[in-house]
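Colleague: Please take a close look at one part of this model for me, and start with the overall layout so that I can place it.

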Amino acid sequence: MGHRRFLVVTGFETLATGIFMSAQQHFMRDDPHARVVHVVHHLGDPNWTLILSIVGVCAIMAGACRYSERAQKWALIALGALWCAYLFAFAVQDFHFQGRIGINTLFTLFIFISV
């Protein structure tokens with residue numbers, strides 16, 4: 001029961017992050033002279049925020065509708081991969097533009113560890 005509840009809560013976190021980032025069009029900043037920053041800023045594009053929202057909804061459904069263990073494992077793999085990518089992207093953005101870790105990176109780290 002707790003495993004399914006975790007999927008639902010993490011799915012809602014992922015869905016909320018996708019909605020928030022789609023509302024904030026310029027959340028990820030770009031520096032065309034730094035390749036890594038230029039590549040990771042695309043994680044703020046509408047396509048990626050849509051992927052965040054879709055994976056969040058799938059995780060909610062996998063946890064709430066009592067899908068098979070296999071579907072729940074795939075939802076966890078997708079959540080882990082997305083949160084790992086966003087952890088890397090937020091860390092790159094923070095170190096490049098601020099020189100220190102920001103609150104977005106810290107919250108993303110906690111969610112990634114919990115997944």
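Which pattern does the protein chain follow when read along the sequence? After that, please look closely at the largest nonpolar core: which element gives the largest share of this core?

Modeller: This is a predicted model, in which local features need pLDDT of at least 70 and side-chain atom pairs count only at pLDDT 80 or more, while totals for chains, interfaces and linings use all residues. Residues are numbered from 1 along each chain as its sequence is written, and side-chain values use heavy atoms, with hydrogens and water left out.

Read along the sequence, the protein chain has the pattern α-α-α-α-α. That makes 5 helices and 0 strands; both are DSSP runs numbered from the N terminus, with H or I over at least four residues for a helix and E over at least two for a strand. The radius of gyration of the chain is 15 Å, close to the 13 Å that the globule rule gives for 115 residues, so the chain is as compact as a globular protein of that length. This radius is taken over C-alpha atoms, and the rule is 2.2 Å times the number of residues to the power 0.38. Along the principal axes, the C-alpha atoms fill a box of roughly 45 × 25 × 20 Å.

Of the 115 residues, 39% count as buried. Buried means under 20% relative accessible area, exposed means over 50%, and partly exposed lies in between (1.4 Å probe, protein chains only).

Now the core. A nonpolar core is a set of buried Ala, Val, Leu, Ile, Met, Phe, Trp, Tyr and Cys residues joined through side-chain atoms within 4.5 Å. The largest one has 21 residues, of which Leu7, Met21, Met28, Leu79 and Tyr86 touch the most other members. Two or more residues each come from α1 (2-23), α2, α3 and α4. The largest share, 9 residues, comes from α4.

Leu79 shows what such a position touches. Leaving aside residues up to four places away in sequence, Leu79 is in contact (heavy atoms within 4.5 Å) with Leu7, Thr10, Thr14, Val55, Ala59 and Val115.

Gln72 lies in helix α4 (residues 69-97). Gln72 is buried, with a relative accessible area of 2%. With residues up to four places away again left out, Gln72 touches His3, Arg4, Leu7, Ala62 and Tyr67. Leu7 is thus touched by Gln72 and by Leu79.

For contrast, take His42, in the loop between α2 (35-40) and α3 (46-64). His42 counts as partly exposed, because its relative accessibility is 32%. The C-alpha atoms of His42 and Leu82 are 14 Å apart, with these positions 40 residues apart along the chain.
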